[in-house]
Amino acid sequence: MEARWSLKGRTALVTGATRGIGRAIAEELAQLGASVYVCARSEADLKQRLQEWNDEGLTISGCVCDVSSYPSCEQLMTQVSRHFQGKLHILVLNAARAGVMGPILEVPAEDMASTLRSLATGCTKGALNQLTKNLALEWAKDGIRVNTVAPGFTQTDMTSSLGDEMLDAAKMRTPMRRLGEVHEIAAAVAFLCLPCSSFTTGTIFTIDGGMSCHNSIAACANIDEKPLRFWLCLLTTATDICSLCLT
């Protein structure tokens, strides 16, 4: 029984892991026994976090990487392969950026390109969900499971930057009337990485406090017309997290 709920002896790479949900995922996997490697864009943030994890006795290493840059990703995989002697069991693609707000025809081309590279808009998330299913079908024969966690609005630095008015609207839209906590999302990701989920692949695991249960904005009580205008933007900002695990 214990082995089904342990990641002892497993290796994991988590992108965008020095803050928010990514940090919580890295810590959750390490606490379950995995040897974790992380990456982040900020060298200062990475050094600080690695020192904190070392002080806590967590087995987490890492390097600087901008996942929107293909050459940077190639360098990352070289370093990860060297660090784990070519054996990576878990890949969590968490890195993202806040979506660009405003009418799509007014979004600068470079901002849109950068956002698309970081998987941070509604259209890229739709594509990621379909890719999850395609890869799950294609790679099942190789013992690789592919799943996506789709969080609702979660309390992080990124969501805090959206402002109180938008976050209040998000809470009103959520049946549980609150934002999620990072550890609640990390627990879902960890489950999909554990041996106990060995028959789970190709799924979109939604953790959103019931937000997706609504068929329309009007279904939620006490929402006036002003917050309604925000929802075309709000629905594109949650971060989908893709995990690939060897069974």
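Asn147 is buried in this predicted model, with a relative accessible area of 0%, and its place is in strand S5, which covers residues 144-151. The side chain of Asn147 makes two reaches towards backbone atoms, one to the oxygen of Thr200 at 3.1 Å and one to the nitrogen of Thr203, also at 3.1 Å. The chain around Asn147 is built from nine helices and seven strands, and buried residues account for 42% of its 247 residues.

**Overall fold and surface**

- Among contacts between residues at least 6 apart in sequence, 74% join residues that are at least 24 apart.
- The accessible surface of the protein chain comes to about 12900 Å², and carbon and sulfur atoms hold 55% of that surface.

**Thr159 and its surroundings**

- Thr159 belongs to helix H6, which spans residues 157-160, and with a relative accessible area of 12% Thr159 is buried.
- A polar atom of the Thr159 side chain lies 3.0 Å from the backbone nitrogen of Thr156, so that this side chain, like that of Asn147, is placed beside a backbone atom.
- When residues up to four places away in sequence are set aside, Thr159 touches Phe153, Thr154 and Leu167.

**Cysteines**

- A search of the whole structure finds zero disulfides, and Cys39, whose nearest cysteine sulfur is that of Cys65 at 4.6 Å, is accordingly in none.
- Cys65 is likewise in no disulfide, its nearest cysteine sulfur being that of Cys39, 4.6 Å away.
- The separation of 4.6 Å between these two sulfur atoms is to be set against the cut-off for a disulfide, which requires the sulfur atoms to lie within 2.5 Å, and therefore the pair is not counted as one.
- Both residues of this pair are buried, Cys39 at 0% relative accessibility and Cys65 with a relative accessible area of 4%.

**The aromatic pair**

- The whole structure yields one aromatic pair, formed by Tyr37 and Phe84 in an edge-to-face arrangement, with 6.4 Å from centre to centre and 75 degrees between the planes.
- This pair links distant parts of the chain, since Tyr37 sits in strand S2 (residues 35-40) while Phe84 sits in the loop between helix H3 (70-83) and strand S4 (90-93), and the two are 47 residues apart.
- Tyr37 counts as buried at 6% relative accessibility, and Phe84 counts as buried at 7%.

**Helix H8**

- Helix H8 runs over residues 182-193, has twelve residues, and reaches 17 Å from its first C-alpha to its last, which is close to the 16 Å expected at 1.5 Å a residue.
- The buried residues of H8 are Ile185, Ala186, Ala188, Val189, Ala190, Leu192 and Cys193.
- An α-helix has 3.6 residues a turn, so residues three or four places apart point the same way.
- Ala187 also lies in helix H8, but at 36% relative accessibility Ala187 counts as partly exposed.
- The C-alpha atom of Ala187 is separated by 8.7 Å from that of Ala24, although their positions lie 163 residues apart along the chain.

**Positive phi outside glycine**

- Gln85 has a positive phi of about 55 degrees although it is not a glycine, and Gln85 is placed in the loop between H3 and S4, the loop that also holds Phe84.
- Gln85 is exposed, with a relative accessible area of 64%, whereas Phe84 is buried at 7% relative accessibility.
- Arg177, another residue other than glycine with a positive phi, has a value near 55 degrees, and Arg177 is found in the loop between helix H7 (164-173) and H8.
- At 39% relative accessibility, Arg177 counts as partly exposed.

Technical notes:
Residues numbered from 1 in each chain as written. Predicted model: local features only at pLDDT ≥ 70, side-chain atom pairs only at ≥ 80, totals over all residues. Heavy atoms only, no water. Helix = DSSP H or I, 4+ residues; strand = E, 2+ residues; numbered from the N terminus. Buried < 20%, exposed > 50% of the residue type's maximum accessible area, 1.4 Å probe, protein only. Polar contact = N/O pair within 3.5 Å; in protein donor to acceptor, adjacent residues only side chain to side chain. Contact = heavy atoms within 4.5 Å. Areas by Shrake-Rupley, 256 points an atom, 1.4 Å probe, with all protein chains shown as cover. Phe/Tyr/Trp six-rings, centres within 6.5 Å; stacked < 30°, edge-to-face > 60°. Expected span 1.5 Å × (residues − 1).
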